[in-house]
Amino acid sequence: MLITAVELIKNRLYPWLKKGRAILRRFSSKNKDAAAPYTVKRQETDSPDAPRVSHVIANFMTGGSSRLVVDLIEQLGGYRQNVMTRHIPDPPAYVSLEIEEYRYPVDEKPFLEFFKRSKTDFVHVHYWENRDEPWYHKALRAAEILGLPVIENINTPVAPYLSDAVARYVYVSDFVRRTYGKNGARHVTIYPGSDFSLFDRNDGETLPEDCVGMVYRLENDKLGPQAIEPFIRIARKRPMTRILIVGGGSLLAVFRQAVTAARVADRFEFTGYAGYEQLPGLYRRLSLFIAPVRQESFGQVSSFAMNMRIPVIGYDAGALSEIIDDPQLLASPGDAEALARIALALLDDPELRERIGRRQRERARRLFSVQAMIKSYGDLYAEIGRTLGKESA
């Protein structure tokens with residue numbers, strides 16, 4: 001009863017707290033510096049019979065899972081799509097879409113009401129991180145009660161949430177599917193697709209020299225405090241090389257302290273958080289993309305680089321070897337010296353970088369493009385729709 005009472009208090013007080021926080025942030029200098037939200041370009045359909053899909057995702061911050069939802073809304077016509085989330089950041093990362101927030105559900109009732117009000121035909125759950133499991137449990141319980149089929153994406157290296165309501169478990173890589181999934185037709189792989197219209201360059205455009213970097217949320221989910229080490233070693237051995245670290249998070253201060261202690265801070269640029277539409281310009285400055293990850297379920301930031309002919313190297317962790325498909329470009333996890341050596345060799349050989357970049361771009365376009373992803377999800381949505389007797393408009 002105590003837990004329920006606390007959650008009820010949060011439900012009553014949270015809307016007022018959120019409103020007050022929004023007013024205060026209007027006067028915050030930090031808010032003035034925040035990246036502009038991305039405007040979602042929805043695919044509208046006038047058909048009253050169009051299948052209605054509700055996306056359920058724990059937060060709608062900038063990131064691969066949120067971007068997947070946005071791509072489906074923008075690219076997959078013939079469906080009416082909305083979003084239920086636990087957290088909408090303030091200011092929002094994405095605007096101009098149907099989205100509702102419910103942070104502290106006591107039970108499945110808010111999800112039941114949302115699905116009924118939205119006239120949901122099926123649910124697309126974007127699942128990650130076990131700490132959010134109680135919230136997802138309530139959403140899936142509501143789908144079970146209403147008899148709604150569910151597609152469950154497993155977007156990070158964690159075991160899926162098992163439920164009889166799930167028609168398909170979709171993994172973002174074969175690595176995640178083999179490691180955490182099960183055998184059988186219900187368990188499939190669909191690679192996240194990148195919008196390469198933004199992350200592209202002309203064939204005749206020459207890549208810049210002597211700039212390496214990475215683009216990540218600087219958090220402990222994929223990276224660790226030692227992720228900055230390969231860059232420090234490169235800076236020490238090749239003083240003319242610039243190092244660009246794009247992203248914000250709890251590790252930003254740790255990385256800054258490390259490069260200052262190593263006396264190479266003048267060769268580093270830390271951008272902090274960057275908006276999605278800022279990223280292509282930042283990528284364009286790179287000669288080489290380094291992925292010093294300790295775990296990786298897919299790594300969309302790598303495919304962005306690949307399509308821009310920026311060679312991607314990194315640690316042989318998680319799905320990164322599956323993305324790159326070249327063991328010569330991978331170092332053993334945590335071996336900063338070996339990863340730095342790979343980077344230095346490529347910086348000294350622009351022709352090899354160009355060959356690798358072209359090969360990786362072809363692979364990215366064939367497997368990791370938004371077109372390839374949308375086709376796969378379109379087929380899956382159509383399959384679910386046929387079981388309901390509803391086809392897309």
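**Exercise 1. Place the pair Lys109 and Glu113 in this predicted model: which helix holds lysine 109 and glutamate 113, and how many residues apart are they?**

Solution.
- Step 1: locate the pair. Lysine 109 and glutamate 113 both belong to helix H4, residues 109-118.
- Step 2: take the spacing. They sit four residues apart, about one turn of the helix.
- Step 3: check the contact. The closest N and O atoms are 4.0 Å apart, and the two residues form a salt bridge. The cut-off for a salt bridge is within 4 Å.
- Step 4: classify glutamate 113. Its relative accessibility is 43%. Buried requires under 20% and exposed over 50%, so glutamate 113 counts as partly exposed.

**Exercise 2. Describe how H7 and H12 pack. Which term fits their relative direction?**

Solution.
- Step 1: read the geometry. H7 (residues 229-237) and H12 (residues 336-347) pack at an angle of about 50°, and their axes are 8 Å apart.
- Step 2: apply the ranges. Under 35 degrees is roughly parallel, and 65 to 115 is roughly perpendicular. H7 and H12 are therefore oblique to each other.
- Step 3: add the hand. The crossing of these two helices is right-handed.
- Step 4: list the contacts. H7 contributes Glu229, Pro230, Arg233, Ile234 and Lys237. On the H12 side they meet Ala336, Glu337, Leu339, Ala340, Ala343, Leu344 and Leu347.
- Step 5: sort by class. The contact of H7 with H12 has eight nonpolar residues, four charged ones and no polar ones.

**Exercise 3. Find the ionic link between H7 and H12. How far apart are the closest N and O atoms of lysine 237 and glutamate 337?**

Solution.
- Step 1: take the distance. Lysine 237 and glutamate 337 form a salt bridge, with the closest N and O atoms 2.2 Å apart.
- Step 2: place the partners. Lysine 237 is in helix H7 and glutamate 337 in helix H12. They are 100 residues apart, so the pair links distant parts of the chain.
- Step 3: compare with the accessibility classes. Lysine 237 has a relative accessible area of 46% and is partly exposed. Glutamate 337, at 23%, also counts as partly exposed.

**Exercise 4. Is arginine 363 buried or exposed, and what does its side chain meet?**

Solution.
- Step 1: find the partner. The side chains of arginine 363 and aspartate 325 meet in a salt bridge, 3.6 Å from N to O.
- Step 2: place both ends. Arginine 363 lies in helix H13 (residues 350-367). Aspartate 325 lies in the loop between helix H11 (320-324) and strand S15 (330-331). The two are 38 residues apart.
- Step 3: classify. Arginine 363 has 14% relative accessibility, so it counts as buried.

Key:
Residues numbered from 1 in each chain as written. Predicted model: local features only at pLDDT ≥ 70, side-chain atom pairs only at ≥ 80, totals over all residues. Heavy atoms only, no water. Axes fitted to C-alpha atoms, helices over the stretch in contact; angles between N-to-C directions. Parallel < 35°, antiparallel > 145°, perpendicular 65-115°, else oblique. Left-handed = near helix turned anticlockwise from the far one by under 90°. Contact = heavy atoms within 4.5 Å. Nonpolar A, V, L, I, M, F, W, Y, C, P; charged D, E, K, R; others polar. Buried < 20%, exposed > 50% of the residue type's maximum accessible area, 1.4 Å probe, protein only.
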